[in-house]
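Here is a short tour to read with the structure open beside you. We will start with one helix and its surroundings, then turn to a sheet, and end with a word on confidence.

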Amino acid sequence: MSRKTRAIAAAGVALALGLTTAACGGSKGNDNKTSGSGNGKSAYNAAITSVVNPSTTKGGTLNLMSAQDADYWDPARGYYAFVWNLNRLYTRKLVDYASAPEKPGLELQPDLASAMPEISADKLTYTFKLKSGVKFDDGTPITSKDIKYGIERIFAQDVLSGGPVYLIDILDQGQGYKGPYKDTDPNKLGLKSVETPDDSTIIFKLKKAQSDFMYLLAMPGAGPVPQKRDTGAKYNAAPASSGPYMFKEGSIQPGKGAAWVRNPNWDASTDTIRKALPDQIKLTVTTNAEDMDSQLIAGTADLDVGQTGVQAAARTKILQDPTLKANADTPTTGFIRYAALSTNVAPFDNVDCRKAVIYASDPTSLQTARGGPIAGGDIGTSMLPPNIAGSDTKYDPFNRLQGKPQVDKAKEALTACGKPNGFDTKIAVRNNKPAEVKSAEALQAALKAVGINAAIEQYDGGNIASVIGSPDNVKAKGYGIEIAGWGADYPTGSGYLQPLVDSRFILKNGNYNLPLIKDPAIDALFDQAAAETDATKAADLYSQINHKTMEGAYYLPFVVDKALNYRNPRLTNVYIHDAFGMVDFQALGVSDGK
């Protein structure tokens, strides 16, 4: 999976109200400090520490590319990191992450809301007032009822699967609400825990204190949707816009791309976050990542929205050419790249068989497959990245930092699980992610040395939710190992780990708990952390969850991800936003006006 927001959190996250930011961004670590210019000029890694080519010039066309199509443009369903980033072009929320450089980092600020909420003493009630003069692209005023309706759509998982479901558990207080399409309430109250006493007021009533609640309201699915324009599953083809850009009519073409033009009903005076510099924005989807790299270097494309790094040939070319290198950055993305071991596919229902895979893997070859230590990242040792509070970079339960396969330990584990001569299995990997395919090949080679014969099956990455995101399909296909990656939905241990390891997040489609972990002790620790207002104590709880996850051998971490990305020299206002671990797309402009 690639979720989702690539959050670069701090070493300590203030959890009391979920409103404050990290003390320092993980992407600004010591490994990147020496190269950035810090003066606004283009230089290697300059976008990590400063805004490259700052400008307020409007006009021109921003040309974006991607080697993978969006999963969904519907804000309730999209879950890819770059899709959440692009959502800021057309979806406003009550609150959103501030723009750099004025307020860099993870700070949330009012967006559609006129101010931060009034919060009750027991932290169960949040009351927002909306700004006046905010409208959809058709000129219709945005009201509190539109925001409530947008959130209600998340509950319709039978129709709108794929996106995050945190709000379902937090807001449903025994109502058993199934979304607006199945709502038969004669009083038409909808989701009763969200009240709209008037068009400018919205009140949320939580069933229990949730320190991360504000982060959930910054997700695209918490944006407004006009009920009269909702077409259910078909809404993905023409989402309404509340932001500075709207989809150009007919531009959403699956597998090919999309385009945005200015929203004539967006009022800049109501929006302190978005820059809205280009006149239009085009996204071209290609299945040829190497061709995309060539277009980036040639200047016919401005930026790869995937932000997962150029391919090997372009990487070598960029790093060896000082001029090209000056327009490149290698931020820590906040992702871990890993293999998930499916407990519903034998013999991975046995913990020792899972341990055998981890011990047999070659940490160095997997790191090389991802791009090496510079463009690929540091060797992964656990499932909590170092930029999330609760992580411990010294925690290495499988001794992966030695960088070599542990054949003897792998064979011991195979004997313990009753498979001394090894076994056959399958590795599922997206066909449009070359680094993932290379990772699968590296893992396949290492496993063969201990008798584990892993056949690689590639699938269309656009179908991830219904392929490896479907537990039934995984079992039917016999996918014992699934190559994936994950970044935090929001910048806490819960935002990173909960979709991956909490049993209550297992879904029939769009599932991200790929191993199907069902550990009541892990679930209970998440509940404790959600109510914990002391950041240090919460971090310790997330550390315990990380340890239990690794002790269960459910995941094989490859690398703590870095990505070498190239930016067209004509781009203005380029900076890595800590909430995404990638360039903030909405801030970009073009210097030549073309």
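## A helix and its neighbours

The buried residues of helix α16 pack against α5 (166-171), β13 (332-341), β17 (479-487), α17 (520-531), α18 (535-551) and β18 (555-562). This is a predicted model, so please read what follows in that light.

How many of the nine residues of α16 (residues 493-501) are buried? Nine of the nine are, so this helix is largely enclosed by the rest of the structure. If you would like to pick them out on screen, the buried residues are Gly493, Ser494, Gly495, Tyr496, Leu497, Gln498, Pro499, Leu500 and Val501.

## An open sheet of four strands

Now let's move to the sheet. Four strands make up an open sheet with antiparallel pairing, and their order is β4-β5-β7-β6. At the edges sit β4 (118-119) and β6 (194-198), each of which pairs on one side only. Helix α4 (residues 144-154) lies across β6 and β7, and runs at about 165° to β6.

Strands β4 and β5 run antiparallel and are joined by two bridges. Here glutamate 118 is found opposite threonine 127 of β5. The hairpin that these two strands form has five residues between them, and in it lysine 123 adopts a positive phi near 65°.

## Strand β5 up close

On its way through the sheet, β5 (residues 125-129) is also joined to β7 (residues 201-205), with five bridges between these antiparallel strands. Two of the facing pairs are handy to look for: tyrosine 126 stands opposite phenylalanine 204 in β7, and lysine 129 stands opposite threonine 201 in β7.

Which side chains of β5 point to the buried face, and which to the other? Tyr126 and Phe128 share one face and are buried, whereas Thr125, Thr127 and Lys129 point to the other face and are not buried. In a regular strand, side chains alternate between the two faces of the sheet.

## How far to trust the model

The protein chain has a mean pLDDT of 91, with 93% of its residues at 70 or more. Residues 1-37 are the stretch to watch, with pLDDT below 50; beyond near neighbours in sequence, this stretch has 152 contacts in the model. Where pLDDT is low, the predicted coordinates should not be read in detail.

How values were computed
Residues are numbered from 1 along each chain as its sequence is written. This is a predicted model: local features need pLDDT of at least 70, side-chain atom pairs count only at pLDDT 80 or more; totals for chains, interfaces and linings use all residues. Side-chain values use heavy atoms; hydrogens and water are left out. Two strands pair if DSSP finds at least two bridges between them. Contact means heavy atoms within 4.5 Å. Axes are lines fitted to C-alpha atoms, for helices over the stretch in contact, and angles run from 0 to 180 degrees between N-to-C directions. pLDDT is the predictor's confidence in each residue, from 0 to 100. Buried means under 20% relative accessible area, exposed over 50%, partly exposed in between (1.4 Å probe, protein chains only).
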